[in-house]
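Okay, thanks everyone, let's get going. I'll put the structure up on the screen and then walk you through it piece by piece.

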Amino acid sequence: MFRSVLVLGTIRGIRIEIHISWLVIFVLLLVSLGAGLNQAYSDWSPATVLVTTVVTVLMFFASILAHELGHSVVAIRRGVPVKAITLFIFGGMAQISKDSESANDEFWIAIAGPAVSFALAAGFLMLSLPAAGISEPLSVALTWLGLINLVVAIFNLIPGFPLDGGRVFRALVWKFTGDAARGMRAAVMGGRLVAYGLFAVGLWSMLAMGNLLGGLWIMIIAWFLLNMAEASGRDFKLRKRLSSLHARDLADRDLPLVAPTLPVEQWVHDHMLAGGRRAHFVGDRDAVIGLVTLTDARKLARERWSQTTVADIMTPLEKLVRVAPDSSAEEILQLINQHSLNQLPVMDGDQVLGWIDRRRLLSTIELHLELKS
Ligand SMILES: [Zn+2]
């Protein structure tokens with residue numbers, strides 16, 4: 001199967017990966033920096049230009065990675081899990097798997113990235129001074145890295161979602177008004193303004209400055225930012241509405257049950273295939289003891305199906321991932337994704353009130369949302 005990301009490894013449990021689109025910006029940077037150096041320093045040998053260009057561009061991407069690691073390390077310290085960091089055509093992105101629960105978390109996670117970029121900028125620029133006496137290519141590379149990290153830090157602090165500055169802005173509005181939704185609206189509005197502004201800059205540099213490629217590039221980034229801002233706004237609204245829906249509203253009270261002594265063979269043919277259900281609860285209405293699923297049956301050799309009972313292969317109730325009646329739809333979706341579940345019981349203490357099926361959940365949520373609006 002074709003995969004669009006290449007996994008480089010893991011740092012502190014965070015997967016570091018490169019998206020295929022990154023190659024475009026990598027090549028673009030190599031070509032433009034190489035051409036720039038070649039023109040500005042005509043006394044450098046082609047080998048010097050080549051080595052300086054490649055090392056500098058690689059160091060630039062290491063800097064982007066460090067910026068994302070800055071966000072990630074703070075997030076993890078504050079109990080917000082980070083799955084992966086992806087380098088792609090527009091830079092880097094840390095896949096933080098849930099929203100911050102407090103304005104403080106949001107603020108510190110967002111500010112950590114630009115803080116790393118500022119520190120790198122200062123470090124590279126300071127090193128470039130003594131390097132000037134040692135080697136010209138080295139000092140040129142360090143100066144370029146210092147300036148580009150400064151640009152990354154400042155650009156990211158522009159107060160529009162999804163840029164870091166937008167998140168900082170959102171956290172501040174949230175902090176001072178106590179209203180997360182108002183913070184989000186302000187940051188999305190900021191994001192729109194940033195995108196329109198960048199679009200204008202791109203257009204201007206294409207038409208007035210004649211910089212076709214650079215202008216087009218800025219316009220593409222503007223378009224990407226606009227989409228991200230709108231999507232984050234929509235996402236936030238949906239999540240807010242989801243948080244008002246609870247497991248008790250979404251659960252199917254009608255439990256598909258089978259007896260513990262039922263042989264697997266008979267369960268598969270008479271219940272699973274005949275009923276078109278991939279899972280059944282084991283036991284009776286008041287004493288459910290476990291859940292048996294298609295996956296459990298597949299783990300058992302077919303010739304043993306007739307001598308084995310469903311109780312032998314089921315997952316016992318106490319080991320099942322479950323939700324409480326007042327868990328929100330958002331939490332349920334998160335659990336389902338996190339554990340790749342197809343169904344989960346809704347339990348009040350050790351009593352099974354009902355169950356939630358992944359495939360039906362989404363249509364049930366849609367119906368609830370349509371009724372509300
Ligand atoms: Zn950032």
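**A quick walk through the model**

So, first thing to keep in mind: this is a predicted model. Let's start with the overall picture. The chain comes to 13 helices and ten strands. Its radius of gyration is 27 Å, whereas the globule rule gives 21 Å for 373 residues, so the chain is more spread out than a compact globule. If you take a box along the principal axes, the C-alpha atoms fill roughly 85 × 50 × 40 Å. Of the 373 residues, 32% are buried. And if you look at contacts with a separation of 6 or more, 59% of them are between residues 24 or more positions apart.

Okay, helix packing. Two packed helices are described by the angle between their axes and the distance between the axes, and I'll go through three pairs that way.

Pair one is H1, residues 22-40, with H2, residues 46-77. Their axes come within 9 Å and cross at roughly 140°. Now, what do we call that arrangement of H1 and H2? The cut-off for roughly antiparallel is over 145 degrees, so at roughly 140° H1 is oblique to H2. The crossing is right-handed. On the H1 side you have Phe26, Leu29, Leu30, Leu33, Gly34, Leu37 and Asn38, and they meet Val49, Thr52, Thr53, Val54, Thr56 and Val57 from H2. Sort the residues of that contact by class and you get eight nonpolar, five polar and no charged.

While we're here, have a look at Asn38. It sits in H1 and is one of the residues that meet H2. Buried or exposed, or something in between? Asn38 counts as partly exposed, because it has 15 C-beta neighbours inside 10 Å. Go ten residues along the chain from Asn38 and you reach Thr48, with the two C-alpha atoms separated by 9.5 Å.

Pair two: H5, residues 164-177, against H6, residues 180-207. Here the angle is about 150° and the axes are 8 Å apart, so H5 and H6 are roughly antiparallel to each other. This crossing is right-handed. H5 brings Gly166, Arg167, Phe169, Arg170, Ala171, Val173, Trp174 and Thr177 to the contact, and H6 brings Ala180, Arg182, Gly183, Met184, Ala186, Ala187, Gly190 and Gly191. By class, that contact has eight nonpolar, five polar and three charged residues.

Two of those H5 names come up again with Ala103. Ala103 is in helix H3, residues 103-131, and it touches Ala171, Trp174 and Lys175, leaving aside residues up to four places away in sequence. Ala103 counts as buried, because it has 20 C-beta neighbours inside 10 Å and the cut-off is 20 or more. And for a long-range distance, Ala103 and Leu371 are 268 residues apart in sequence, with 32 Å from C-alpha to C-alpha.

Pair three is H6 with H7, residues 212-242. These axes come within 8 Å and cross at roughly 165°, which means H6 is roughly antiparallel to H7. The crossing is left-handed. The contact of H6 with H7 has 20 nonpolar, seven polar and two charged residues.

Last part: backbone oddities. Most residues other than glycine have a negative phi, and most peptide bonds are trans. So which places go against that?

Which peptide bond is cis? That's the one from Phe161 to Pro162, with omega near 5°. Pro162 is in the loop between helix H4, residues 136-156, and H5, so that takes us back to the helix we just saw packing against H6.

Then there are positive phi values. Arg12 has phi near 50°, and it lies in the loop between strand S1, residues 5-11, and strand S2, residues 14-19. Arg12 is exposed, because there are 9 other C-beta atoms within 10 Å. Ser340 has a positive phi too, about 45°, and it isn't a glycine either. You'll find Ser340 in the loop between helix H12, residues 329-338, and strand S9, residues 343-348. Ser340 is exposed as well, because there are 7 other C-beta atoms within 10 Å.

That's my tour, thanks for listening.

Terms used
Residues are numbered from 1 along each chain as its sequence is written. This is a predicted model: local features need pLDDT of at least 70, side-chain atom pairs count only at pLDDT 80 or more; totals for chains, interfaces and linings use all residues. Helices (H or I, at least four residues) and strands (E, at least two) are DSSP runs, numbered from the N terminus. A residue is buried if 20 or more other C-beta atoms lie within 10 Å of its own, exposed if 12 or fewer, and partly exposed in between; C-beta atoms are placed from the backbone. Axes are lines fitted to C-alpha atoms, for helices over the stretch in contact, and angles run from 0 to 180 degrees between N-to-C directions. Angles under 35 degrees count as roughly parallel, over 145 as roughly antiparallel, 65 to 115 as roughly perpendicular and the rest as oblique. A crossing is left-handed if the near helix is turned anticlockwise from the far one by less than a right angle, and right-handed if clockwise. Two residues are in contact if their C-beta atoms, placed from the backbone, lie within 7 Å. Ala, Val, Leu, Ile, Met, Phe, Trp, Tyr, Cys and Pro count as nonpolar, Asp, Glu, Lys and Arg as charged, and the others, Gly among them, as polar. The radius of gyration is taken over C-alpha atoms; the globule rule is 2.2 Å times the number of residues to the power 0.38.
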